[in-house]
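Reader: Hi, I have a structure to look at and don't know where to begin. Can you walk me through it?
Author: Sure, let's take it a topic at a time.

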Amino acid sequence: MQPSSCDTFVALPPSTEGQRIIFGKNSDRPCDEVQEVVYFPATDHAAGEKVECTYIEIEQVAHTHAVVLSRPAWLWGAEMGANEHQVCIGNEAVWGRESADGDEALLGMDLVRLGLERADTAEGAVDVITKLLEKYGQGGSCMEDESGFTYHNSFLISDRMEAWLLETSGRYWVAERVKDGYRNISNQYGITTKIDKEHPEMREYARSKGWWDGKTEFNFATVYSFTTTARIEAAGGRYCEGKKLLEKNNGHINAEAMMEILRDKDSGVNMEGMFMTTGSMVSVIPRDPTLPGVHYFTGTPDPERSVFKPFIFVKNLKPLKETSSPSYGADDPVKKKPRFQSKPDRKHELFVKHELVAAIIECHKDRGKKITQSMRQLEKEKMTEMEEHLSNGVDEPDFLVNLFSTCVQEEIAVYSKS
């Protein structure tokens, strides 16, 4: 199996409908991996407190922001998510000339969550992630087994006003600001000569390795990438196809258009096989700070056979029980060394129900078509309701405390009827 995974997209005015930012990601992971959708409230922390990430413990900060995350159920971090300040982050696996093999450190997915918990702007998240990267490094298996599947990371980060592309190689990094239009990333380096921030020793390191002569114009993707690999070529195909889908919708990209992009199987964006799309996210962020952002998550594999369900940050939010996987605490095989000696059941309630219905859709064409139509109808109704909040704000925040969970229950009800 050659893992080749994930596509992340962002669109800004004038590519979007209205003064809104549209963010989207498909998380492509092993086909048997469960992805959960979880919420963590804003929290104040005591001086000297530590936070235990997937593999290592690091220093905690005085305050962490409220976050909603879509993550592989076995780890601490996240594949994608958003915070209460409407910062959105998705990461991608990237490979290059620098080896990605190394000691356990922070996973790229840990850095996604840390960026969301600690930053209130996209640029702030770039600063948080890069400082942690320089201090602790990145490393450790990115799959729940002993395969030693490791990679460097790129990140697409957005807020109400702009987006940033951050690409890493070991502890070195570069970042590019995106002020308008659209951008997508797919498992390959994409920053070339437009570099807005960088590790102070990144160029000299490349020169010392013989990757750059120190004289020609510095092009990060050219200098740090492999000359050719099957992985990069596959990712390049998806990158080009994803870019075409954005271009096709340019000027009127909205939540519905982004969902259709994530559902597209012909392009490879909606991945099938041993590595498949196990979770999807679409966020709609108005530039007007008085209006809420709406974050849609599937919490289930294959967005074509899933419902995008809305989440809005309000006070007194409740835990998302139906999409939270069982917790095994200190007994979790991920926490014990040697790691990954067994694999516990991590299926959450929605995953179990969806798994059964997905099998029906696969095997019974007519029956499956009716189920899919009911799923789309539920999704459309929710999107219509959310448009009211996106346009006019939230008058009764208490009514939205259980928004996501209520929608999950309605989705399960659709499955029960089938």
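Author: Start with a term: a salt bridge is a side-chain nitrogen of Lys or Arg within 4 Å of a carboxyl oxygen of Asp or Glu. Keep in mind that this is a predicted model.

Reader: Okay. How many salt bridges does the structure hold?
Author: It holds 32. Some join up: Lys-265, Glu-272, Asp-302, Glu-304, Arg-305 and Glu-362 are linked in a network.

Reader: Which residue does Asp-32 meet in a salt bridge?
Author: Lys-343, at 3.7 Å from N to O. Asp-32 sits in the loop between β2 and β3, and Lys-343 in the loop between β18 and α7, so the pair ties together parts 311 residues apart in sequence.

Reader: And what does Glu-104 form a salt bridge with?
Author: Arg-339, with the closest N and O atoms 2.7 Å apart. This pair also links distant parts of the chain, 235 residues apart. Glu-104 is in the loop between β10 and α1, while Arg-339 is in the loop between β18 and α7.

Reader: Is Arg-339 buried or exposed?
Author: Buried, because its relative accessible area is 9% and the cut-off for buried is under 20%. Glu-104 is partly exposed at 33%.

Reader: New topic. What about Glu-92, does it have a salt bridge or no salt bridge?
Author: No salt bridge, though Glu-92 is buried. The nearest side chain of opposite charge is Arg-238, 4.9 Å away. That is why the pair doesn't count: the limit is 4 Å.

Reader: So what does the side chain of Glu-92 have a polar contact with?
Author: The side chain of Thr-8, at 2.6 Å. A polar atom of the Glu-92 side chain also lies 3.4 Å from the backbone nitrogen of Asn-187. Glu-92 itself is in strand β10.

Reader: How many disulfides are there?
Author: Zero in the whole structure. For Cys-6, the nearest cysteine sulfur belongs to Cys-142, 11 Å away. For Cys-31, the nearest is that of Cys-6, at 14 Å. Cys-6 is buried at 4% relative accessibility, and Cys-31 is partly exposed at 33%.

Reader: Last one. Which residues touch the most other members of the largest nonpolar core?
Author: Phe-218, Tyr-224, Val-282 and Tyr-296, out of 78 residues in that core. A second, separate core has 46 residues, including Val-51 and Ile-129.

Reader: What is Tyr-224 in contact with?
Author: Beyond its close sequence neighbours, its contacts include Gly-96, Arg-97, Tyr-189, Trp-211 and Phe-218.

How values were computed
Residues are numbered from 1 along each chain as its sequence is written. This is a predicted model: local features need pLDDT of at least 70, side-chain atom pairs count only at pLDDT 80 or more; totals for chains, interfaces and linings use all residues. Side-chain values use heavy atoms; hydrogens and water are left out. A nonpolar core is a set of buried Ala, Val, Leu, Ile, Met, Phe, Trp, Tyr and Cys residues joined through side-chain atoms within 4.5 Å. Buried means under 20% relative accessible area, exposed over 50%, partly exposed in between (1.4 Å probe, protein chains only). Contact means heavy atoms within 4.5 Å. Helices (H or I, at least four residues) and strands (E, at least two) are DSSP runs, numbered from the N terminus. Lys and Arg count as positive and Asp and Glu as negative; His and the chain ends are not counted. A polar contact is a pair of N or O atoms within 3.5 Å; within protein, one must be able to donate a hydrogen and the other to accept it, and residues adjacent in sequence count only if both atoms are side-chain atoms. A disulfide is a pair of cysteine sulfur atoms within 2.5 Å. Lists of a residue's contacts leave out its neighbours within four places in sequence.
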